[in-house]
Amino acid sequence: MRQREAESRASRSLQTFCQNKACGPARLVKTEKIKNRWLVDFEPLGGLYTVAVDPGGNTDVSVWDKNPVR
């Protein structure tokens with residue numbers, strides 16, 4: 001799988017994930033390949049979403065709070 005396909009799969013996965021949530025519009029921040037998976041970062045208001053895409057096209061969305069409580 002190439003980078004563009006991973007970004008496309010990640011974007012569709014994030015749209016599905018955000019269907020019933022108030023994620024807001026998200027912009028692609030960066031994409032990197034680690035071992036055999038692609039990690040695609042998106043940034044909407046107030047958070048960071050990382051979508052892991054494995055070689056088979058499966059995806060997993062992780063949500064990161066940009067403003068952690070200290």
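How many salt bridges does the structure hold? I looked that up before anything else. The structure holds three. I am working from a predicted model, and I keep that in mind for every entry below.

**Entry: overall layout**

I listed the secondary structure of the protein chain and got one helix and four strands. Read from the N terminus, the order is α-β-β-β-β. I then checked the overall dimensions. The C-alpha trace spans about 35 × 25 × 15 Å along its principal axes. For 70 residues, a compact globule would have a radius of gyration near 11 Å, and the chain has 12 Å, which agrees.

I looked at burial next. Buried residues account for 31% of the 70 residues. The chain exposes about 5100 Å², and carbon and sulfur atoms supply 47% of that area. I also checked contacts between residues at least 6 apart in sequence: 32% of these join residues at least 24 apart.

**Entry: charges**

I noted 12 positive and 8 negative charges on the protein chain. Their mean positions are 2 Å apart. From there I went to the individual pairs. Side chains of opposite charge can pair when their charged atoms come close.

**Entry: the pair in the helix**

Which residue forms a salt bridge with arginine 9? I found glutamate 5, with the closest N and O atoms 3.0 Å apart. Both residues lie in helix α1, which covers residues 3–17. They are four residues apart, about one turn of the helix. I checked both for exposure. Arginine 9 has a relative accessible area of 27% and is partly exposed. Glutamate 5 is also partly exposed, at 34%.

**Entry: the pair between β1 and β2**

I moved on to arginine 27. Its salt bridge is with glutamate 43, and the closest N and O atoms are 2.9 Å apart. Arginine 27 lies in strand β1 (residues 27–34) and glutamate 43 in strand β2 (residues 37–43), so this pair ties together parts that are 16 residues apart in sequence. Is glutamate 43 buried or partly exposed? I read 23% relative accessibility, so glutamate 43 counts as partly exposed; the cut-off for buried is under 20%.

**Entry: the third pair**

Lysine 30 forms a salt bridge with glutamate 32. I noted 3.5 Å between the closest N and O atoms. Lysine 30 is partly exposed at 42% relative accessibility. Glutamate 32 is partly exposed at 32%.

**Entry: aspartate 41**

I also looked up an acidic residue in strand β2, aspartate 41. Is aspartate 41 buried or exposed? At 10% relative accessibility, aspartate 41 counts as buried. I listed its contacts, leaving aside neighbours within four places in sequence. They are Arg27, Leu28, Val29, Lys30, Leu48, Tyr49 and Thr50. Arg27 and Lys30 in that list bring me back to the salt bridges, where arginine 27 is paired with glutamate 43 and lysine 30 with glutamate 32. I also checked one spacing: the C-alpha atoms of aspartate 41 and leucine 28 are 6.1 Å apart, with their positions 13 residues apart along the chain.

**Entry: the loop between β1 and β2**

Where does lysine 35 lie? I placed lysine 35 in the loop between β1 and β2. Most residues other than glycine have a negative phi. Lysine 35 has a phi near 55 degrees, a positive value in a residue other than glycine. I read a relative accessible area of 79% for lysine 35, which makes it exposed.

Asparagine 36 is in the loop between β1 and β2 as well. I noted 48% relative accessible area, so asparagine 36 is partly exposed. I then looked across to valine 53, which is 17 residues from asparagine 36 along the chain. Their C-alpha atoms are separated by 9.0 Å.

**Entry: the loop between β3 and β4**

Last, I went to aspartate 54. Aspartate 54 lies in the loop between β3 (47–53) and β4 (59–65). Its relative accessible area is 24%, so I recorded aspartate 54 as partly exposed. Which residues are in contact with aspartate 54, leaving aside its neighbours within four places in sequence? I found Met1 and Arg37. Methionine 1 is 53 residues from aspartate 54 in sequence. In space, I read 8.8 Å from C-alpha to C-alpha.

Note on methods: Residues numbered from 1 in each chain as written. Predicted model: local features only at pLDDT ≥ 70, side-chain atom pairs only at ≥ 80, totals over all residues. Heavy atoms only, no water. Salt bridge = Lys/Arg side-chain N within 4 Å of Asp/Glu carboxyl O. Helix = DSSP H or I, 4+ residues; strand = E, 2+ residues; numbered from the N terminus. Buried < 20%, exposed > 50% of the residue type's maximum accessible area, 1.4 Å probe, protein only. Rg over C-alpha atoms; globule rule 2.2 N^0.38 Å. Contact = heavy atoms within 4.5 Å. Areas by Shrake-Rupley, 256 points an atom, 1.4 Å probe, with all protein chains shown as cover. Lys, Arg positive; Asp, Glu negative; His and termini not counted. Charge placed at Lys NZ, Arg CZ, Asp CG, Glu CD.
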